[in-house]
Structure formats: C-alpha cells, structure tokens
Amino acid sequence: MKKKIAIDMDQVIADMEISFIELFKKEYHLSFETVDEYLKANPNFDLVSTIKELYPLINTHAFFRNIPVMKDSQTVLRELAEEYDLYIATAAMDVPKTFTAKYEWLQEHFAFIDSQHYIFCGDKSIIHTDYLIDDSIRQLERFSGTGILFVNSLNETEDRYIRATNWKDIRDYFLSIKE
C-alpha cells in the first residue's frame, strides 16, 4: 500500500508571494522585488496587518485563479505520484470566495492528481495522511503524521519540523526515505 502525502496549496504549490507582492506594490504604489527586500528596508513594517488589510482583494476568484505555480512543484509531484498517493489539502475556509478558483487552478496545473484527492478544509487535523507538506506552523502543529515545513519569510526561524526551502529539497527528502 502506498504511503500518503498531503500537500498544502498556498505558498507550497501556488506561489502566492509573487501575486501578493504585485498586489501590494499596486495598492501602495511601491517598487521592490521581494518581500525580504522590502522588510529589510522597512523593519517596523507589519506584514500580517497588511495581509489582513488587503484580505478583501485577496479573497477573490481573480487573485487565486492567476497565482503562478511554485517552481519545480509539478515535476517533483509527478515523480512522487509514482510512489505515493498525493492529496491537496488547502485551508480554503480562510478564503471562502476562492473555492472555484482553487479547483480550476488545480485542474489546470495539477490535473495528474485525482480531483477526488482535493481536500478543502480549515483545520488540517482532520487529514490522516503519512506526511503533510505545509508552510503553516499552526497546521503542522495539529497534524498527527510527519510534518514537513515549506520554508518562507513568515516561518523561517521555525525548527521543530523537517525543513524544505524548495521542491528539490522535497524530492531529496522522499528519495532519502524510500524503502
């Protein structure tokens, strides 16, 4: 029997940071390349408050439908699909107006994953897979299997989980544990 891997969508296979940066720059008439660059230049900036402020613009079909795919995620997940059952587990309850956009996006970019393996939820403690790849500490804390932290600027100091900074790290991890 194949082991099961649940994969978060936002900031794991969907590169929300790129879309968020573009929205942020447009709304505030700013110019910068990365969130890290902006945060270094503005150390008192409150990213979480800004995300909350921009929530009405983020919680839309258009925003989610046009998010770019995270580099190498499709290639690595196609490889993993040969050895593992893959599930997409997205906390869609946090952005309820995006269900259709997320489904369409998955169908366009990850059609090789059975749509019956899409899990739209809130609390990922309901997910009973062997692994969860996620960027949310909150979700990994609730998960009962092996958590793999997909590192980004909001969780970079966290060290309680297996860490992956990109999809090649994910591939290397699963190749290293292959039985």
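## The sheet from its E3 edge

How many bridges join strand E2 to strand E3? There are 3 of them, and strand E3 (residues 118-120) runs parallel to E2. One position to look at is Thr90, which stands opposite Phe120 in E3. Between these two strands the chain passes through helix H6 (residues 99-109), giving a β-α-β crossover that is right-handed. Please keep in mind as you browse that this is a predicted model.

On to the whole sheet: 6 strands make it up, the sheet is open, and the order reads E3-E2-E1-E4-E5-E6 with parallel pairing. E3 and strand E6 (162-164) are the edge strands, each pairing on one side only. From one strand to the next, the twist averages 25 degrees. As a general reminder, strands of a sheet pair through backbone hydrogen bonds, in either a parallel or an antiparallel manner.

## Strand E2 and its partner E1

Strand E2 spans residues 84-90 and is mostly covered, with 6 of its 7 residues buried. Besides its pairing with E3, E2 is joined to strand E1 (residues 3-7) by 5 bridges, and these two strands run parallel. If you would like a pair to find in the viewer, Ile7 has Ile88 in E2 as its bridge partner.

## E4, E5 and E6

Strand E4 (residues 131-134) pairs with E5 in the parallel sense over 4 bridges. Tyr131 has Thr146 of E5 as its bridge partner. The connection from E4 to E5 goes through helix H7 (residues 137-142), and this β-α-β crossover is right-handed.

Strand E5 (residues 146-150) also pairs with E6, in the parallel sense and over 3 bridges. Here Ile148 stands opposite Ile162 in E6, while Phe150 has Ala164 of E6 as its bridge partner. Since 4 of the 5 residues of E5 are buried, this strand is largely enclosed by the rest of the structure.

## Where helices H1 and H3 meet

Now to a pair of helices. The axes of helix H1 (residues 16-28) and helix H3 (residues 47-58) come within 11 Å and cross at roughly 85 degrees. This value falls in the 65 to 115 degree range, so H1 is roughly perpendicular to H3.

Which residues make the contact? From H1 come Met16, Phe20, Leu23, Phe24, Glu27 and Tyr28, and from H3 come Leu47, Thr50, Ile51, Glu53, Leu54, Leu57 and Ile58. Sorted by class, the contact of H1 with H3 holds 10 nonpolar, 1 polar and 2 charged residues.

## Two loop residues with positive phi

Most residues other than glycine have a negative phi. Gln11 has a phi near 70 degrees, a positive value in a residue other than glycine. It is located in the loop between E1 and H1. Is Gln11 buried or exposed? Its relative accessibility is 12%, so Gln11 counts as buried.

His29 also has a positive phi, of about 55 degrees, although it is not a glycine. You will find His29 in the loop between H1 and helix H2 (35-41). With a relative accessibility of 73%, which is over the 50% cut-off, His29 counts as exposed.

Terms used:
Residues numbered from 1 in each chain as written. Predicted model: local features only at pLDDT ≥ 70, side-chain atom pairs only at ≥ 80, totals over all residues. Heavy atoms only, no water. Axes fitted to C-alpha atoms, helices over the stretch in contact; angles between N-to-C directions. Parallel < 35°, antiparallel > 145°, perpendicular 65-115°, else oblique. Contact = heavy atoms within 4.5 Å. Nonpolar A, V, L, I, M, F, W, Y, C, P; charged D, E, K, R; others polar. Buried < 20%, exposed > 50% of the residue type's maximum accessible area, 1.4 Å probe, protein only. Pairing = 2+ DSSP bridges. Right-handed = clockwise from strand over helix to strand, strands pointing away.
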